[in-house]
Amino acid sequence: MITLHHLNNSRSQRIIWLLEELGVDYDIVQHQRDPKTQLAPPSLRAIHPLGKSPVIVDESNQMVMAESGAIIEYLIQVYGDSQWQRHRDQAEYWDYVFWLHYSEGSVMPPLVMRLVMAGVSKAPMPFFAKPIARSICSKVLAQFVQPNISRNLAFIESHLHQRQWFNDERISGADVQMSFALEAGVASGLIDERFPAIRAFVERCHQRPAYQRALKRGGEYAYA
Ligand SMILES: N[C@@H](CCC(=O)N[C@@H](CS)C(=O)NCC(=O)O)C(=O)O
C-alpha cells in the first residue's frame, strides 16, 4: 500500500492525479499549511527531513520518497503499464526526461520568486522601510523574475502549439509534472488568453476522469 503525505493547495495534488490514472491503491494523510505563513506543518518533517509535500511511503518496497519528479518516475516504473512507461529505446524518451525535469528545474523557481516578492512587498514593516522594500522587489521582478517567466511561457506555448501532450500524442508523466505550474498560472491570471495552447492543455488535464477523482480525494485545491 502506498501512503501519500499531502498538503492542501500544493504540488502534491498532481501525485493524487497520477495515482488515480495508474489505478493504484493508496491512502492519503492530510497535512495543513499554517494559515499565516502558508508553510508546511512540522508533521511533514517526521516523514521526510525536508518537510515538504509530496512525500510517498511505499510499504511494499520500504521506500520513502520526496520530490514530485522522482515520485512520478517511481510510480510509473513500478506501477505503470506500457501506456505510461517510457524507455530509452523510444524516440521520445529524452524529450520526456527533459519535460519531467524542466518543470521543477526552470519553470517553478521564477514563479515561486514572484510569490515571495509579492509577500515581501505586503509584509508588515516600519513605514520608512516600505518604499525601500517595494523598490527592491520591483527591480528584482522587472529585471530577473518577469523576463524568466515570459521566456518560459513563450517556450511552452510554442511547444504545445500543435501538440496535445508534452511528450507526444500520448499522455505521460511529463504532463502530470508540468500540470501544476501551468494550472496555477491559469488560476492566478498569469497565463491569460495570450497563451491559448497552454490553457487548452490545462483544460485537457482537468477533463480527465482520473483528474476529477483526484480532486474529490485531495480536498482543498485552489488551482482547478
Ligand atoms: N521540488 C519539490 C518542491 C516541494 C515543495 O516545495 N512543496 C511545497 C508544496 S507546493 C511545500 O511543501 N511547501 C511548504 C513549505 O515549504 O513549508 C517537489 O516538486 O516535490
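## A walk through the predicted model

Over residues 1-83, the chain is 27% helix and 24% strand, with 22 Å between the end C-alpha atoms. Helices here are DSSP runs of H or I with at least four residues, strands are runs of E with at least two, and both are numbered from the N terminus. Keep in mind that this is a predicted model: local features need pLDDT of at least 70, side-chain atom pairs count only at pLDDT 80 or more, and totals for chains, interfaces and linings use all residues. Residues are numbered from 1 along each chain as its sequence is written, and side-chain values use heavy atoms, with hydrogens and water left out.

That stretch, residues 1-83, carries the UniProt annotation "domain: GST N-terminal", from an unreviewed entry. The same kind of record puts "domain: GST C-terminal" (unreviewed entry) at residues 89-224. UniProt positions follow the numbering used here, feature names are shortened, and annotations may be inferred rather than shown by experiment. Residues 89-224 are 73% helix and 0% strand, and their end C-alpha atoms lie 35 Å apart.

Now for the strands. β1 (residues 2-7) runs parallel to β2 (residues 26-31), paired over six bridges; two strands pair if DSSP finds at least two bridges between them. Leu7 sits opposite His31 in β2. Together with α1, β1 and β2 form a right-handed β-α-β unit. Right-handed means that, with the strands pointing away from the viewer, the path from the first strand over the helix to the second runs clockwise. β1 also pairs with β3, this time in the antiparallel sense, and β3 in turn runs antiparallel to β4. In a regular strand the side chains alternate between the two faces of the sheet.

Here are some of the residues that stand opposite each other:

| Residue | Opposite residue | Bridges between the strands |
|---|---|---|
| Thr3 | Val57 in β3 | four (β1 and β3) |
| Ile56 | Met65 in β4 | four (β3 and β4) |
| Val55 | Ala66 in β4 | four (β3 and β4) |

A few backbone oddities are worth a look on screen. Ser53 and Pro54 are joined by a cis peptide bond, with omega about 10°, and Pro54 is in the loop between β2 and β3 (55-58). Asn9, in the loop between β1 and α1, has a positive phi near 50° without being a glycine. Asn9 is buried at a relative accessible area of 14%; buried means under 20%, exposed over 50% and partly exposed in between, using a 1.4 Å probe and protein chains only. Gln62 also has a positive phi, about 50°, and is not a glycine either. Gln62 sits in the loop between β3 and β4 (63-66), and that hairpin has four residues between its strands. Is Gln62 buried or exposed? Gln62 counts as exposed, at 79% relative accessibility.

The domain assignment splits the chain into domain 1 (2-85) and domain 2 (93-209); such bounds come from an automatic or database assignment. Their contact takes 14 residues from domain 1 and 17 residues from domain 2, where contact means heavy atoms within 4.5 Å. Taken over C-alpha atoms, the centres of domain 1 and domain 2 are 21 Å apart.

On to the helices, with α6 (residues 196-207) as the one to pick out. Helix α6 has 12 residues and reaches 16 Å from its first C-alpha to its last, close to the expected 16 Å; the expected span is 1.5 Å times one less than the number of residues. Which residues of α6 are buried? They are Ala197, Ile198, Phe201, Val202, Cys205 and His206. What covers them includes α1 (13-22), α4 (130-160), α5 (173-188) and α7 (209-218).

Last, have a look at Phe127, in the loop between α3 (93-122) and α4. Phe127 counts as exposed, at 71% relative accessibility. Phe127 and Phe195 are 68 residues apart along the chain, and 39 Å separate their C-alpha atoms.
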